[in-house]
Amino acid sequence: SPAGDLALMAELRYAADGVVIRKFDFASPWLRAEAKGTLYGLGTGGAVTGGIKAEAVARLPLIARDFAAALGLSPTFAIEKGDLNLSFGVEGGAEALLVAAQAKTSGLLMKSGGTALALKPEPSLLFKARFPYGKWPEVETLHFKAPFADLYGKGRFDSAVLKGHLDLTRFAKDFKNILKDCPPMVGLVYVDVSTSAGSDLFKINSFVKLSDLAVEINPGQMTIVPQGSIKFSGSVPVKEGVPEKELNGVDFNVVLEGGNIEGQWQRLALPADGRDTVLRGLSVKSSLDISSAGRLLGGVLPAPASRRLRTWQGLVLANVTAEMAGGAFKARVNAGGSEMRCTVGDGAWSIPSVRLEGAVSREGAAAETGVEADVAGGVAFERDGKVVFAEPAGKGELEMRMSPGGERLLVPKLKIKAGLLDMDASAEVQDLSGRCMLQTKGVAALDFAALKE
């Protein structure tokens, strides 16, 4: 770390029933902190008495100067004045343990390349909560406020509210001169989450709205959502006052500019007490415009794949069902595309319609994974307004099995029946993580006359 004088004076005592802080004083060029107080009755299940208070002041100019590289700050950025004031308190009471924390900047003066920067209002965080003995904790206030965000929440698990917004345009404007690698971004995100009590459960309802969103996830690659919304609802079962590691009765709906995705599941139980993940009744339906999907996935797909996807037009529909329990799972997919078209350098590919039916299954954690798929559809290539290749009704069948350790792949069936190619083959791949030995056999017939000049 950068050179600087550090000093710590502390007199602490920890026992089974409590904590005593007679003195805690930490001093450095970057941070000054102190704490004092006592808490008795911790871990006894009864009332806690006493209280502990802590305060700290972070010297932002020195932190920005000495830790700029670690924080990813721009080399032209500097903080000339300003502190981050922190406070934390815990107080015992007859009915509950009270916790309060606050963080707030003050007197902030920043510059980038000699130009003054301002964050108004200055960022702040306020948190207050009660921890009743033997009951669920309750947040009285959670409020984060900054020029680019305003987030507010309160309540307990079965009666909570969380609302706010994030202005990505303002964030990028303020932080492009502060952070060395702040990506370009614009748009607004609105969040509204609430919970309510039910019979032996609590319900969750959430709504997220996206407006004029564009974020550069990777250099030169943008994820773009002109307009969109996400709705989600479900419930968490409660047993003897404790929430279970389950999320049940879920419905969700994602609406985008060029389509939507909607689905549901009956039960999702996360691993607990030796139980594997359990998923029951998952069903997802989607209808997406390909160009819209290209804009959505543009920031996460490899750049060549993203560019190619954006050249396609058409509609893709899919329906997926799945279940999982005890290391076993099964899933089915039915998908199709219509009026799909892609322009390339000297012509255009068109797919009037295509259909996929498939399944993935495994009987248990130690069993092999099986894949089956049937594809049918037509494709044509046009050049200068003329069709130079056409396959009106091609078909394909695939059957594949993967060993539990992933070392062996068996393909007992690979069939293609089309005007250009008629093939019936099988294959086996051994030692996938090593030499990767491939054995194939089958017959194939290629009709060159099917190609038109």
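## Helices H4 and H5 in a spread-out chain

The chain has 5 helices and 26 strands. What you are looking at is a predicted model, so take the details below in that spirit.

Let's start with the overall build. The radius of gyration comes out at 30 Å, well over the 22 Å that the globule rule gives for 453 residues, so the chain is more spread out than a compact globule. Along the principal axes, the C-alpha atoms fill a box of roughly 90 × 60 × 45 Å. Of the 453 residues, 31% are buried. As for contacts with a separation of 6 or more, 44% of them join residues 24 or more positions apart.

Now for the helix pair. How do H4 and H5 pack, and at what angle? Helix H4 covers residues 290-297 and helix H5 covers residues 303-310; their axes lie 8 Å apart and make an angle of about 155 degrees. Since that angle is over 145 degrees, H4 is roughly antiparallel to H5. The crossing of the two is left-handed.

Here is who does the touching on each side:

| Helix | Residues in the H4–H5 contact |
|---|---|
| H4 | Ile 290, Ala 293, Gly 294 |
| H5 | Ser 306, Leu 309, Arg 310 |

Sorted by class, that contact has 3 nonpolar, 2 polar and 1 charged residues.

H4 has other partners too. Its buried residues are Ile 290, Ser 291, Ser 292, Ala 293 and Gly 294. Which elements do the buried residues of H4 pack against? Besides H5, the list holds three strands: S18 (278-289), S19 (312-325) and S20 (328-344). Ile 290, Ala 293 and Gly 294 belong to the contact with H5, and these residues are also among the buried ones of H4.

One more residue of H4 deserves a look: Arg 295, which sits in this helix. Is Arg 295 buried or exposed? Neither, quite: its relative accessibility is 27%, so Arg 295 counts as partly exposed, given that buried means under 20% and exposed over 50%. Setting aside neighbours within four places in sequence, Arg 295 is in contact with Met 222, Thr 223, Ile 224 and Glu 257. And where does that leave Arg 295 relative to Ser 306? The two are 11 residues apart in sequence, with 8.2 Å from C-alpha to C-alpha. Ser 306, for its part, is one of the H5 residues in the contact with H4.

Technical notes. Residues numbered from 1 in each chain as written. Predicted model: local features only at pLDDT ≥ 70, side-chain atom pairs only at ≥ 80, totals over all residues. Heavy atoms only, no water. Axes fitted to C-alpha atoms, helices over the stretch in contact; angles between N-to-C directions. Helix = DSSP H or I, 4+ residues; strand = E, 2+ residues; numbered from the N terminus. Parallel < 35°, antiparallel > 145°, perpendicular 65-115°, else oblique. Left-handed = near helix turned anticlockwise from the far one by under 90°. Contact = heavy atoms within 4.5 Å. Nonpolar A, V, L, I, M, F, W, Y, C, P; charged D, E, K, R; others polar. Rg over C-alpha atoms; globule rule 2.2 N^0.38 Å. Buried < 20%, exposed > 50% of the residue type's maximum accessible area, 1.4 Å probe, protein only.
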